[in-house]
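Visitor: Could you take me on a close look at one part of this molecule? I am new to this, so please explain the terms as you go.

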Amino acid sequence: VFVGLANIDIKLALIMAVSVPIALAFLYMTIKQSEKIENQNNSALLDMVSLFVEYVRGIPVLKSFSNNKSLDNELMNKTKKFGETSKSASRFKAKQLSIFGFFLDIGYLVLLIAGTIFVVKGNLDVLNFIIFAVISKEFYNRSLLWNSTICTMFRRWTVMKDFHEFYMQM
């Protein structure tokens with residue numbers, strides 16, 4: 001998309017591409033925080049599941065010895081903690097994706113404003129501007145789809161970097 005649009009107008013193509021690295025930089029900077037929140041959620045899930053399995057296995061023992069409210073309360077607390085960490089992880093991911101999309105939308109807005117100025121000044125044909133505006137929207141939509149792939153790539157790179165640092169300290 002970028003190469004095709006650069007053939008129409010290189011200045012607009014460069015303006016179009018500016019917001020993508022900014023959005024990706026934001027995504028990269030928030031990966032560590034996202035991993036931390038997701039790890040807390042996974043830990044809470046494991047705690048809850050582990051206690052639930054223990055609870056289910058112990059039901060016959062509990063029935064024979066009477067009501068044991070402490071295990072019930074502990075399971076309830078673990079379930080609440082998992083619910084809270086799940087909400088926190090979902091809120092963070094929604095915020096992260098919203099800001100990422102906002103940067104891309106700002107880039108598209110700047111592109112439209114710059115293109116309009118170029119048309120008014122006579123530096124760009126109206127038909128080429130319309131083609132550019134329609135096709136460039138596809139460029140930004142694809143950028144949103146890259147999000148999960150780029151997150152995975154950044155995470156793997158971070159893990160590899162951490163492993164390398166750990167290995168070098170040995």
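Guide: Let's start at Ser-19, which is found in helix H2 (residues 10–65); helices here are DSSP runs of H or I with at least four residues, numbered from the N terminus. This is a predicted model, where local features need pLDDT of at least 70, side-chain atom pairs count only at pLDDT 80 or more, and totals for chains, interfaces and linings use all residues. Residues are numbered from 1 along each chain as its sequence is written, and side-chain values use heavy atoms, with hydrogens and water left out.

Ser-19 counts as buried because its relative accessibility is 7%; buried means under 20% relative accessible area, exposed over 50%, and partly exposed in between, using a 1.4 Å probe and protein chains only. Setting aside residues up to four places away in sequence, Ser-19 touches Phe-103, Leu-104, Gly-107 and Tyr-140, where contact means heavy atoms within 4.5 Å.

Two of those partners, Leu-104 and Tyr-140, also appear in the largest nonpolar core. Such a core is a set of buried Ala, Val, Leu, Ile, Met, Phe, Trp, Tyr and Cys residues joined through side-chain atoms within 4.5 Å. Of its 20 residues, Leu-12, Met-16, Leu-104, Leu-111, Phe-132 and Tyr-140 touch the most other members. Helices H1 (2–8), H2, H3 and H4 each supply at least two residues of this core. Leu-111, for one, has contacts beyond four places in sequence that include Leu-12, Met-16, Phe-132 and Tyr-140.
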